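Student: I have a structure to look at today, and I would like to go through it slowly. Could we begin with the terms before the numbers?

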Amino acid sequence: MSAATTRSRTARTPALDRLCVEAVDLARAAAEEAAAPGVVGEHVGVISEGDRVVTHFFECKEPGYRGWRWAVTVARASRAKKVTLDETVLLPGGDALLAPEWVPWSERLRPGDMGPGDLLPTEADDIRLEPGYTGEEEPPPNSVVSEVSHEMADLVDAEDAELTTRPATPSRGSIAAVAEELGMRRARVLSRYGLHTAADRWDEAFGAKTPMAQAAPASCVTCAFLVPLAGSLKQAFGVCANEFGPADGHVVSLSYGCGGHSEAAVMPKPPKPAPHALDTMQVDEYPLRPARDSGSVPAEADAPTEDLGHS
């Protein structure tokens with residue numbers, strides 16, 4: 001293969017067209033028309049886009065667009081001496097201040113971001129959830145579920161005959177209606193994945209590896225302020241009910257602990273003073289002579305007394 005053939009297959013860099021390069025005033029006027037006078041700065045460069053096609057760059061002085069440049073492309077037809085305007089656009093430069101990369105809301109959301117009135121939708125196939133009850137919507141006619149649902153429907157008709165308004169309820173005889181009667185009103189419940197992810201979050205926030213738990217005198221499993229959970233989570237978690245503890249109102253691991261443990265430091269009862277031996281608030285009466293019934297003197301004399309004298 002010859003050198004000439006090799007050069008012909010190599011992409012050729014178009015040369016700068018002289019007339020297009022000299023059309024700086026035309027490009028500036030187009031940039032100022034698109035922006036505003038005083039916003040377009042100095043001419044900072046020019047590049048060739050193709051045969052007789054050149055792009056001029058101007059500094060952008062618009063606040064908040066540091067490093068951006070106004071790019072104005074001009075062109076000239078073959079054998080023509082008049083340069084015409086192609087397009088005007090604002091482009092970021094190498095050190096331009098750019099917005100962060102767009103992230104979906106589901107990945108941007110963080111705990112505590114929701115406020116009053118906000119709605120947080122869940123996907124129909126959210127892996128954290130699973131159906132609360134399964135099966136076909138309409139049970140077989142002779143099934144036990146169908147008979148129970150019909151009895152419940154007749155009872156509802158009898159009890160609600162006097163009601164003028166009532167909330168929307170599932171169709172009678174459906175699985176949803178039977179589930180509502182049995183107290184299973186939730187269409188979806190936590191899946192095993194949802195339980196595990198929740199347990200990981202709670203254990204990371206209030207678990208055995210936290211500095212508070214490492215310095216605690218005892219774990220929450222022996223604390224009187226622990227309120228156990230229901231279901232399978234009660235084997236590893238509970239809710240702290242100590243208003244002075246760092247996890248009050250939070251779900252804590254049974255291996256978590258803090259200095260507010262109910263049995264960590266029990267204050268002794270103050271000693272009760274002994275009763276006074278003598279009642280100093282009462283006056284005791286002491287007679288000068290013993291009473292007759294006190295037993296210290298006889299109640300009556302043994303014999304009549306005679307006057308002593310001489311016979």
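Tutor: Accessible areas come from the Shrake-Rupley method with a 1.4 Å probe. Please keep in mind throughout that this is a predicted model.

Student: How much of the accessible surface of the protein chain belongs to carbon and sulfur atoms?

Tutor: The accessible surface of the protein chain comes to about 24,400 Å². The share of that surface that belongs to carbon and sulfur atoms is 56%.

Student: Which helices and strands should I look for, or rather, how many of each are in the protein chain?

Tutor: When you follow the protein chain through the picture, you can count both kinds of element, and the count comes to eight helices and nine strands. As for burial, a residue is called buried when its relative accessible area is under 20%. Among the 311 residues of the protein chain, the buried share is 23%.

Student: Where is Arg52 found, and is this residue buried, exposed or partly exposed?

Tutor: Most residues other than glycine have a negative phi. Arg52, which is not a glycine, has a positive phi of about 60°. This residue is found in the loop between strand E1 (40-50) and strand E2 (53-60). Because its relative accessibility is 29%, Arg52 counts as partly exposed.

Student: What about Arg79: is that residue buried or exposed?

Tutor: Arg79 is not a glycine either, and its phi is positive, at about 65°. Its place is in the loop between strand E3 (68-76) and strand E4 (83-92). Since the relative accessibility of Arg79 is 85%, this residue counts as exposed.

Note on methods. Residues numbered from 1 in each chain as written. Predicted model: local features only at pLDDT ≥ 70, side-chain atom pairs only at ≥ 80, totals over all residues. Heavy atoms only, no water. Helix = DSSP H or I, 4+ residues; strand = E, 2+ residues; numbered from the N terminus. Buried < 20%, exposed > 50% of the residue type's maximum accessible area, 1.4 Å probe, protein only.
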